[in-house]
Amino acid sequence: MKHVAIFASGKGSNVENLLAHFNNHSSIKISLLVSNNAQAGAIDIAKKNNVDVLVLDKDQTADGNFIVAALASKKINYVILAGYLKIIPVELIHAYPEKIINIHPALLPKFGGKGMYGSHIHKAVVQSGETQSGITIHFVNEEYDKGRIIAQKAVKLEPGDSFNEVENKVRSLEMQWFPKIVEEVISGRK
Ligand code: GRF
């Protein structure tokens, strides 16, 4: 059995989707939800699904050794970032080489890097007049949003699409593809 920890800071639509996809899976188990935000909706979703929760305080979010030890105690093999807004400490990256998977709601390398999260991304996409947006699923390395890309899925944008409409189109791709691609990576098919 491969044990997975999901890191999330927000409402957790991706967490909910991942938990549904891996429910009763034969070889992959979501064993832990980690958050830096005690109010995150993702925590309630995890608790409803009987998944252990670890809330990191301010110091702990930057304490790579603490996080690595916590994951080791749950025999975690993979880490999935589903809207986790803190920097991943280098000790965690070193402990999980090509085993930390992030989803970014844009087509990297465009619209990545500092400050590019949530609706900031979709507003920038609209302002730049892009004719498409999408998702990027990538490994996390020490360069923010620059790890090896695992998969990208694009969606056409219509002129006049509001940033909310762009966000909805991108979210549909997240719901459709993130669990499948995570499963392929963990099962060794990607
Ligand atoms: C999603 O847009 C995801 O692509 C990004 O953070 C957001 C998380 O949203 N990494 P949610 O908490 O899963 O609803």
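This briefing covers backbone geometry and strand pairing in the structure above. The model is predicted. Most residues other than glycine have a negative phi, and most peptide bonds are trans. The backbone points below concern one cis peptide bond, between L108 and P109, and positive phi values at N50 and F111.

**Loop between β5 and α6**
- The peptide bond that joins L108 and P109 is cis, with omega at about 10 degrees.
- P109 lies in the loop that runs between β5 (100–104) and α6 (119–127).
- F111 is also placed in the loop between β5 and α6.
- F111 is not a glycine, yet its phi is positive, near 55 degrees.
- F111 has a relative accessible area of 16%, so it counts as buried, the cut-off being under 20%.

**Loop between α2 and β3**
- N50 sits in the loop between α2 (41–48) and β3 (52–55).
- The phi of N50 is positive, about 55 degrees, although N50 is not a glycine.
- N50 counts as exposed because its relative accessibility is 70%, and the cut-off for exposed is over 50%.

**Strand β6 and its partners**
- Strand β6 covers residues 132–139, and seven of its eight residues are buried.
- β5 and β6 run antiparallel and are joined by four bridges.
- In the pairing of β5 with β6, H104 stands opposite T136, which belongs to β6.
- β6 is also joined to strand β7 (residues 149–156) by seven bridges, and these two strands run antiparallel.
- Q132 has K156 in β7 as its bridge partner.

Terms used
Residues numbered from 1 in each chain as written. Predicted model: local features only at pLDDT ≥ 70, side-chain atom pairs only at ≥ 80, totals over all residues. Heavy atoms only, no water. Buried < 20%, exposed > 50% of the residue type's maximum accessible area, 1.4 Å probe, protein only. Pairing = 2+ DSSP bridges.
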